[in-house]
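Student: Please take a close look at the strand pairing in this model. Say how the strands are ordered and matched, and then what lies around them.

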Amino acid sequence: MTTDPVAAPDWEKRFRAPRVSLPDWAEDAPDRSLFVSNATGTYELYAWDRASGRQRQVTDRPNGTTDGVLTPDGEAVWWFSDTDGDEFGVWMRQPFGGGDDEPAAPGLAPSYPAGLAIGRDGSAVIGRSTDEDGTTVHLVRAPGAEPVEIYRHRESAGVGDLSHDGSLIALEHTEHGDAMHSALRVVRPDGSTVAELDDTEGGTKELGLSVLGFAPVAGDTRLLVGHQRRGRWEPMIWDPVAGTETPLPIDLPGDVGAEWYPDGSALLVEHEFEARSELWRYEPGAGAPVRVETPAGTVSGATARPDGTVEYLWSSAAQPPVVRSTSGAVVLDPPGAKAPPSVAVEDAWVEGPGGRIHALVQKPATGEGPFPTIFEIHGGPTWHDSDAFASGPAAWVDHGFAVVRVNYRGSTGYGRAWTDALKHRVGLIELEDIAAVREWSVKSGLADPERLVLAGGSWGGYLTLLGLGTQPDSWALGLAAVPVADYVTAYHDEMEALKAMDRTLLGGTPEEVPERFEASSPLTYVDAVRAPVYISAGVNDPRCPIRQVENYVDRLAARGAVHEVYRYDAGHGSLVVEERIKQVRLELEFALKHLGGGAVQGA
């Protein structure tokens with residue numbers, strides 16, 4: 001292991017380089033901001049007073065903290081306190097300038113979080129999820145006041161937003177039983193319903209809705225929502241009090257999200273298309289949107305400031321992330337060594353069984369193919385890989401591997417039909433797309449067919465184990481991080497919101513559709529696995545719990561299959577930089593040991 005940070009290889013430097021998230025800011029005190037940084041070696045929350053320039057660390061926990069929000073007046077930070085990454089806990093409250101933490105809602109028992117909205121009058125709307133109660137939503141009228149339950153349902157739901165004056169609460173819910181397509185309900189603080197918006201038509205139509213935010217203006221009851229009525233995500237304005245819906249003529253080809261400018265006069269539009277993103281400004285009632293210039297790549301978050309400037313977090317596969325402003329300034333530049341760049345990503349379009357598949361390819365800067373190639377499969381499954389900086393893939397490129405990332409059916413960013421194709425034959429559908437790209441990678445001369453690695457984390461780890469069992473002749477090696485390994489046991493042990501997602505994807509519970517769970521479970525095919533397998537798992541993981549991983553490992557061990565397992569004391573991944581480096585190093589060592597290719601840089 002390299003101990004001298006100056007002498008460390010580039011792949012380690014990328015992980016250790018100080019990073020910051022896009023700063024959130026208090027609506028009524030815009031000089032007060034909150035951001036996440038790994039400056040101490042662990043991702044924690046930081047408060048930033050822009051007027052004075054003072055920054056201070058808000059949280060300090062062994063396994064890190066990333067979930068936090070400022071009160072509208074900027075006087076306090078709310079942050080979520082779980083136990084070692086298990087995602088089960090309570091909201092804490094700390095003064096913006098520093099001081100003791102205290103429970104923000106002392107009357108609420110620990111739970112999984114299900115949304116939070118804080119009012120200008122000191123009230124808060126808190127969503128909770130537990131296996132026993134499903135989803136409940138509670139109103140706390142003032143700090144320390146007794147919480148009042150205003151919503152309860154067995155299916156998953158969440159708090160969307162609170163209106164400017166606190167008189168309206170927007171909820172997303174899946175009472176119709178489809179966890180992939182939410183409906184909306186706006187209620188009063190007493191829980192009484194103001195209006196409903198449901199595009200599922202009682203579960204017969206698979207269209208979703210999402211809360212994007214109430215207009216940030218006193219007395220304005222307009223709610224910005226996302227909808228899928230034209231085959232992709234795009235915004236519209238719904239006034240639940242007036243009962244009106246206003247479509248927005250934002251005719252961009254990809255998925256479109258939006259948020260309000262602080263004065264409510266315009267929308268900041270984020271457009272995701274073919275693994276890249278761009279920003280636009282749109283004024284309701286005006287003509288076409290106007291482009292907000294950003295470099296080619298990925299905008300991971302953006303916000304409009306009161307002076308009209310836009311701040312955004314940008315990166316590309318080649319260039320590390322930076323928080324920029326449309327004024328031309330770098331907004332927040334953490335001290336310390338910068339992350340070394342990597343190589344640019346190339347696009348590949350491959351015909352697959354369900355349509356054209358988009359893959360992103362990075363190749364070593366030197367040497368000619370075919371290369372040893374790692375298929376780094378994204379999690380989600382409703383997510384997508386993009387032209388954004390990622391230290392993990394860059395580490396493999398540094399070691400002479402080509403990296404292929406596949407936006408399989410189920411991925412977002414390619415229209416509703418592509419995402420919703422993932423039903424019932426879960427896992428097997430995605431692997432069909434991965435197989436098509438694998439075949440292309442070999443025929444094109446990119447990939448060495450004898451040195452193909454299937455890898456991924458979370459859902460990507462699940463697809464890795466499933467692929468090793470159902471496509472045993474296709475892969476020389478498998479690397480699965482925090483995976484689903486035994487689908488039935490995973491269902492019974494996982495957090496309630498993920499149970500709801502699994503019921504949606506597979507059409508029922510393991511007892512109702514046992515044949516689907518069996519067909520989609522890596523454990524079903526474990527005895528067919530021939531490639532060496534490396535598995536890493538967090539012992540406190542509520543999403544891919546450890547017991548079902550152990551069941552799979554026991555089956556590998558029982559027949560003497562080549563495998564290694566690494567267990568670590570955290571949840572669904574780690575927020576500790578050195579732990580992340582250790583995990584990548586172990587994966588590299590395992591791959592190079594079994595495929596050849598020398599030693600890990602810096603080891």
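**Strand pairing and its surroundings**

Tutor: In this predicted model, E13 and strand E14 (residues 169–173) run antiparallel and are joined by 5 bridges. Within that pair, leucine 162 faces isoleucine 169 of E14. Both strands belong to an open sheet of 4 strands, with antiparallel pairing and the order E13-E14-E15-E16. Strand E13 (157–162) and strand E16 (193–197) are its edges; each has a single partner strand, so one side of each has no neighbour in the sheet. From one strand to the next, the twist averages 20 degrees.

A further open sheet of 4 strands, also with antiparallel pairing, has the order E9-E10-E11-E12. Here strand E9 (112–118) and strand E12 (148–153) take the edge positions, pairing on one side only. Neighbouring strands in this sheet are turned against each other by 15 degrees on average, with direction ignored. In general terms, the strands of a sheet pair through backbone hydrogen bonds, in either a parallel or an antiparallel sense.

E10 pairs with E9 and with E11. On the E9 side, the antiparallel pairing runs over 5 bridges, and leucine 116 has isoleucine 126 in E10 as its bridge partner. The hairpin of E9 and E10 has 5 residues between the strands, and its glycine 122 adopts a positive phi near 90 degrees. On the E11 side, 7 bridges connect strand E10 (residues 124–130) with strand E11 (residues 134–140), again antiparallel. In this pair, arginine 128 is opposite threonine 136 of E11.

The bridged residues of E10 also lead to an enclosed space. The count of cavities of 30 Å³ or more is 1, and the largest cavity has a volume of about 80 Å³. Its lining includes Ile126 and Arg128, along with Gly127. E10 gives the largest share of this lining, 3 residues; strand E7 (90–95), like E10, supplies at least two. Other residues of the lining include Phe80, Trp91, Leu108 and Pro113. By class, the lining comprises 8 nonpolar, 3 polar and 1 charged residues.

Strands also contribute to an open space elsewhere. The second largest pocket has a volume of about 300 Å³. It is lined by 16 residues, of which Pro18, Pro321, Val322, Asp333 and Lys338 are the closest to its centre. Strand E27 (322–325) and strand E28 (330–332) are the elements that contribute two or more residues to this lining. The class counts for this pocket are 13 nonpolar, no polar and 3 charged residues.

Other strands serve as packing partners of a helix. Helix H2 (residues 391–398) is mostly covered, with 6 of its 8 residues buried. Those buried residues are Ser391, Pro393, Ala394, Ala395, Trp396 and Val397. They pack against four strands, namely strand E30 (355–362), strand E31 (371–377), strand E32 (402–407) and strand E34 (477–481), and against helix H1 (10–16) and helix H10 (577–595). Just after H2, glycine 400 has a positive phi of about 90 degrees.

Notes. Residues are numbered from 1 along each chain as its sequence is written. This is a predicted model: local features need pLDDT of at least 70, side-chain atom pairs count only at pLDDT 80 or more; totals for chains, interfaces and linings use all residues. Side-chain values use heavy atoms; hydrogens and water are left out. Buried means under 20% relative accessible area, exposed over 50%, partly exposed in between (1.4 Å probe, protein chains only). Contact means heavy atoms within 4.5 Å. Two strands pair if DSSP finds at least two bridges between them. Axes are lines fitted to C-alpha atoms, for helices over the stretch in contact, and angles run from 0 to 180 degrees between N-to-C directions. On a 1 Å grid over the protein atoms alone, a cavity is a set of points where a 1.4 Å probe fits but cannot get out, and a pocket is an open set with protein on both sides within 12 Å along at least five of seven lines; lining residues have an atom within 4 Å of a point. Grid points are joined across faces, edges and corners, and a volume is the space filled by probe spheres set on the points. Ala, Val, Leu, Ile, Met, Phe, Trp, Tyr, Cys and Pro count as nonpolar, Asp, Glu, Lys and Arg as charged, and the others, Gly among them, as polar.
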